[in-house]
Amino acid sequence: MYPEESRFMTNFIRNAWYAGCWSDELESQPQAKTILGEELAVYRTESGVAAAVEDCCPHRFAPMSLGSIAGENIACGYHGMQFDCAGLCVEIPGQKNIPGRTKIRAYPVVEKYTLVWVWMGDADRADDGLIPDLHWLDHPDWTAVTGTMRYDSNWVLLVDNLLDLTHTTFVHQSTIGTEDVANTLVTSERVGDIVTVTRIMKDAEPSNFYKRVGGFEGKIDRWQKIWLDPPSTVIIDAGGVPAGTSDKYSNDTYGGIDTRIISVLKPVDDGTVDQIWAFARDTCLDDAELDADIEKSITHTFNEDIEFLAGQQRNMDKRPDRKMLNNTADSGVVQARRVIDEWLAADASPAFATPIPAE
Ligand code: FES
Ligand SMILES: [Fe+2]
C-alpha cells in the first residue's frame, strides 16, 4: 500500500484527525478544502464554532462552499436550504415540511493548537485526545511562524522527506544544510507507534540559518530529533549550543537555540499533499523582524523540496513495479512506513472502516 508500489493505490488512513487549515484562516465565508480526496466546506458559525460539511448540497449538488453562514447554520447559495453543524436540514425555503432524512454529511471538527482539525473516519471514533500534542503552538513561552506549502506528491513521500534530513545537505545548502548532517549516522527507534530519528552532531559547522538566528561564531553541538506522530504529523526538535557546552538533553540550563519545526500533513489526493507547517521557538518572542526572516527562510527551504518530490512522484508513476532502495539513513523511514502500513491495514478492517453515509 506504499506509494513506492503505485500512486494509484490510495493510501489514506481515514480514522484520524487532519488539520483542515489554521484557525485564523476561517472567516465568515465557507471555504472549500479537499482532504483525503473528499471535498468539504469548512466554516465558522456566527457564535464562532468551527464546522465542516460535504461540499455538495443534497438538493441539486451545488457546492456548499459557495453558500453563506446564517447564524449557527450553513446556507446553500443556490436555493437557500440550511443545515446545522450536525448536518441536519433546518430550513427549506418555500416548504414547511422538512423530511427527517434531509441531511448533509457533517464531519467532526475540533479547534486545538490554533488549527482546525477534521475527523475523516467513523464519527463515533472521533476522540480529540487523539490529536497530536502540538502545545508549542499556543504556549505563552513559545511563538510560532506558520504557513502552508503544497507538494505534487503522495503524502508518504513527504513523511520520508521530513524523517530523513540527510537531504538537507544537498537540497538546502543555502539555508540549513551542512556537510555534517549527511555524514552523521542516525539512530532510530519505535516506541508504541511513535517513530523517532535522532542525529547528534558534535563540533559541527553552524548552518547559515543557525549563524543568523543563534549568533554562533564558532563550531556548535547540534541535534535533530524527529518523530512521526502517526498518521501524518512530523515534529523536528532541532537546536544547537556552542561546541562543548553540552546539549539540552543532558543539561536544562543550556544556552542555545531551541526550536520545533512542525509539519501537519494533509493528504489532498493521491498525488497532492499540503504541509501545514510551523516553526516554533522559545526565544526572542516579540521579534517581528526575526519572524519575517524565518518565514522567508523556511518558505525558501521547503520550496527547494517541491521539485524533488514532484519528480519522485512522476518517476514512480512511470515505474509502478519498481521498488526503492533503502540506505542506512532510511532506518527511521522504514520503521515509519511499517507503522503507516499497520494503520492502513487497521483502518481498512471492518471494525474501523468508514461507513458509507446514509442517503
Ligand atoms: S442546490 Fe442547494 S438548495 Fe438547491
Ligand atoms: Fe527539505
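**Figure 1. Contacts of Glu46 in the predicted model.** In this predicted model, Glu46 is in contact with Ile69, Gly71 and Glu72, leaving aside its neighbours within four places in sequence. Glu46 belongs to the loop between strand 3 (38-44) and strand 4 (50-54). Ala70 lies 24 residues from Glu46 in sequence, and the two C-alpha atoms are 7.5 Å apart in space. Glu46 counts as exposed because it has 11 C-beta neighbours inside 10 Å, the limit for an exposed residue being 12 or fewer.

**Figure 2. The protein as a whole.** Six helices and 18 strands are found in the protein. The C-alpha atoms fill a box of roughly 75 × 50 × 35 Å along the principal axes. The radius of gyration is 22 Å, which agrees with the value near 21 Å for a compact globule of 359 residues. Of the 359 residues, 43% are buried. Among contacts between residues at least 6 apart in sequence, 58% join residues at least 24 apart.

**Figure 3. The open sheet of three strands.** The strand order in this sheet is 1-11-10, and the pairing is antiparallel. Strand 1 (17-22) and strand 10 (109-112) stand at the edges; each has a single partner strand, so one side of each is left without a neighbour in the sheet. From one strand to the next the twist averages 30°. Four bridges join strand 10 to strand 11 (residues 115-119) in the antiparallel sense. Val109 has Val118 in strand 11 as its bridge partner.

**Figure 4. The open sheet of seven strands.** Antiparallel pairing links the strands of this open sheet in the order 12-18-17-16-15-14-13. The edges are strand 12 (143-151) and strand 13 (187-191), each with a single partner strand, so one side of each is left without a neighbour in the sheet. Neighbouring strands are turned by 15° against each other on average, direction ignored. Within the sheet, strand 14 (residues 194-204) and strand 15 (residues 220-229) pair in the antiparallel sense over eight bridges. Ala204 stands opposite Ile220 in strand 15.

**Figure 5. Strand 17 and its two pairings.** Strand 17 is mostly covered, with ten of its 13 residues buried. Strand 16 pairs with strand 17 in the antiparallel sense over eight bridges. Gly239 stands opposite Asp258 in strand 17. Strand 17 also runs antiparallel to strand 18, and ten bridges join the two. These two strands, 17 and 18, form a hairpin with two residues between them. Val264 has Ile276 in strand 18 as its bridge partner, and Leu265 has Gln275 in strand 18.

**Figure 6. Strand 18 beside the edge strand 12.** Nine of the ten residues of strand 18 are buried, and the strand is thus described as mostly covered. Strand 12 pairs with strand 18 in the antiparallel sense over nine bridges. Thr143 stands opposite Arg281 in strand 18. In the sheet order 12-18-17-16-15-14-13, strand 18 stands between strand 12 and strand 17.

**Figure 7. Helix 1 across the sheet of seven strands.** Helix 1 lies across strand 12, strand 14, strand 15, strand 16 (233-242), strand 17 (257-269) and strand 18 (272-281). Helix 1 runs at about 165° to strand 17.

**Figure 8. Packing of helix 1 against helix 6.** Two packed helices are described by the angle between their axes and the distance between the axes. The axes of helix 1 (residues 155-163) and helix 6 (residues 331-348) cross at roughly 145° and come within 9 Å. The crossing of helix 1 past helix 6 is right-handed. On the side of helix 1, the residues in contact are Val156, Val159, Asp160 and Leu163; in helix 6 they meet Gly332, Val333, Ala336 and Ile340. The residues of this contact divide into six nonpolar, one polar and one charged.

Notes. Residues numbered from 1 in each chain as written. Chains lettered and ligands numbered in written order. Predicted model: local features only at pLDDT ≥ 70, side-chain atom pairs only at ≥ 80, totals over all residues. Pairing = 2+ DSSP bridges. Axes fitted to C-alpha atoms, helices over the stretch in contact; angles between N-to-C directions. Left-handed = near helix turned anticlockwise from the far one by under 90°. Contact = placed C-beta atoms within 7 Å. Nonpolar A, V, L, I, M, F, W, Y, C, P; charged D, E, K, R; others polar. Rg over C-alpha atoms; globule rule 2.2 N^0.38 Å. Buried ≥ 20, exposed ≤ 12 C-beta atoms within 10 Å, placed from the backbone.
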